[in-house]
Amino acid sequence: MSEVQSILSDASHVREQYRDSSKLDARVRIYDLYAQRPESFQTWVFDRMQLRSGDRVLDVGAGTANLWRENAARAAGLSLLLGDRSPGMLRTARDRLAGTGLACRRAQLDAQALPFADASFGIVVANHMLYHVPDRARALSEIRRVLVPGGRFYSTTNGWSHLLEMRELVRRFGLASAMRSAVSASGAWDLEEAAREFGARFEDVRLESCRDVLRVTDAGPLVDAIRSIGSTSGDAPPDERVLREIYDHVEWMIRLEGWFHVSTWAGLVSGRRP
Ligand SMILES: C[S@@+](CC[C@H](N)C(=O)[O-])C[C@H]1O[C@@H](n2cnc3c(N)ncnc32)[C@H](O)[C@@H]1O
């Protein structure tokens, strides 16, 4: 396992990141504010999932249920179960789905030991979470086990150059050693690695990319997103003085050029259980 992967899947790092939704919210905010594509990433993902009314769907590591909140009307006929290891994230998912009219069940669970019988679901989703799982091979076997034969598995992750300019800021301003998981351009579990791993367990594996650019016009939310990545377990939190320097630099670039660009590259990998 690479250094970045072992940081991303470190139990105390994951617990600290997702105790509640505040850190994830700070990162999601920069897409809400500055993404250029007309549709959100969650809409882009939903458009590519072959879902039919009545499908039994398990979302593993569902977080704050952004996928389902943003597509609530289209998801109405599904039998949906949201699973997450963090009770705090599940509470926020419940609160944010209230009022959408979308019914779902929730379960605290670990992707490495899914508490369901074989062939329980027609669809399993695991978005932007498998890089947090220490034993990913086991999680993938579990996902395959709970799918019906012919059932489909969907998983999003990032391409290798995702947030390149933001990671470059962290590195150039000297925060790299405190924020190792945020800096590396390689070593994190990316789209191509996902497609390779899925190919060993699933049929008809497909990879679709969604590239965009964030046109940042206020340094504040960008610095909040950097701060949210925080330190790796055991390290000191990122130095506020350095974050202030990053803020000033980005504000200066915005004043000169009108915006600060951050490229994004995420995507969807899917496969079918044989
Ligand atoms: C980056 S968030 C992604 C949330 C959501 N899927 C999305 O795409 O917006 C990762 C989520 O995975 C959860 N998680 C991490 N490790 C897990 C595990 N072993 N089993 C289940 N959930 C896990 C975290 O608690 C967090 O809610």
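In what order do the seven strands of the open sheet come? They run S3-S2-S1-S4-S5-S7-S6, and the pairing is mixed. Bear in mind as you scroll around that this is a predicted model.

**The sheet**

Start at the edges: strand S3 (105-108) and strand S6 (203-216) each pair on one side only. From one strand to the next, the twist averages 15 degrees. As general background, strands of a sheet pair through backbone hydrogen bonds, either parallel or antiparallel. Both kinds turn up here: S1 and S4 run parallel, while S5 and S7 pair in the antiparallel sense.

Here are three of the pairings, laid out with their bridges.

| Strands | Sense | Bridges |
|---|---|---|
| S1 (residues 56-60) and S4 (residues 121-125) | parallel | three |
| S4 and S5 (residues 147-158) | parallel | four |
| S5 and S7 (residues 260-272) | antiparallel | seven |

If you want landmarks for finding these pairings on screen, pick out a few partner residues. Asp59 stands opposite Val125 in S4. Moving along to the pairing of S4 with S5, Phe121 has Leu147 in S5 as its bridge partner. For S5 with S7, look for Phe153, whose bridge partner in S7 is Gly271.

How do you get from S4 to S5? Helix H7 (residues 136-146) belongs with these two strands, and S4, H7 and S5 together make a right-handed β-α-β unit. The two strands of that unit are themselves joined by four bridges.

**A helix pair**

Now for the helices H11 and H12. The axes of helix H11 (residues 219-229) and helix H12 (residues 240-257) come within 9 Å and cross at roughly 145 degrees. That crossing is right-handed. On the H11 side, the contact uses Ala219, Leu222, Val223, Ile226 and Arg227. H12 meets them with Leu243, Ile246, Tyr247, Val250, Glu251 and Ile254. Sorted by type, the residues of this contact come out as nine nonpolar, no polar and two charged.

**Around the ligand**

Which residues are closest to the ligand? Tyr18, Gly61, Gly63, Asn127 and Met129 are, out of 21 residues that surround the ligand. What is the mix of residue types in that shell? It divides into 10 nonpolar, eight polar and three charged. So much for the ligand shell; by contrast with its eight polar residues, the contact of H11 with H12 has no polar ones.

Notes
Residues numbered from 1 in each chain as written. Predicted model: local features only at pLDDT ≥ 70, side-chain atom pairs only at ≥ 80, totals over all residues. Near = placed C-beta within 6 Å. Nonpolar A, V, L, I, M, F, W, Y, C, P; charged D, E, K, R; others polar. Axes fitted to C-alpha atoms, helices over the stretch in contact; angles between N-to-C directions. Left-handed = near helix turned anticlockwise from the far one by under 90°. Contact = placed C-beta atoms within 7 Å. Pairing = 2+ DSSP bridges. Right-handed = clockwise from strand over helix to strand, strands pointing away.
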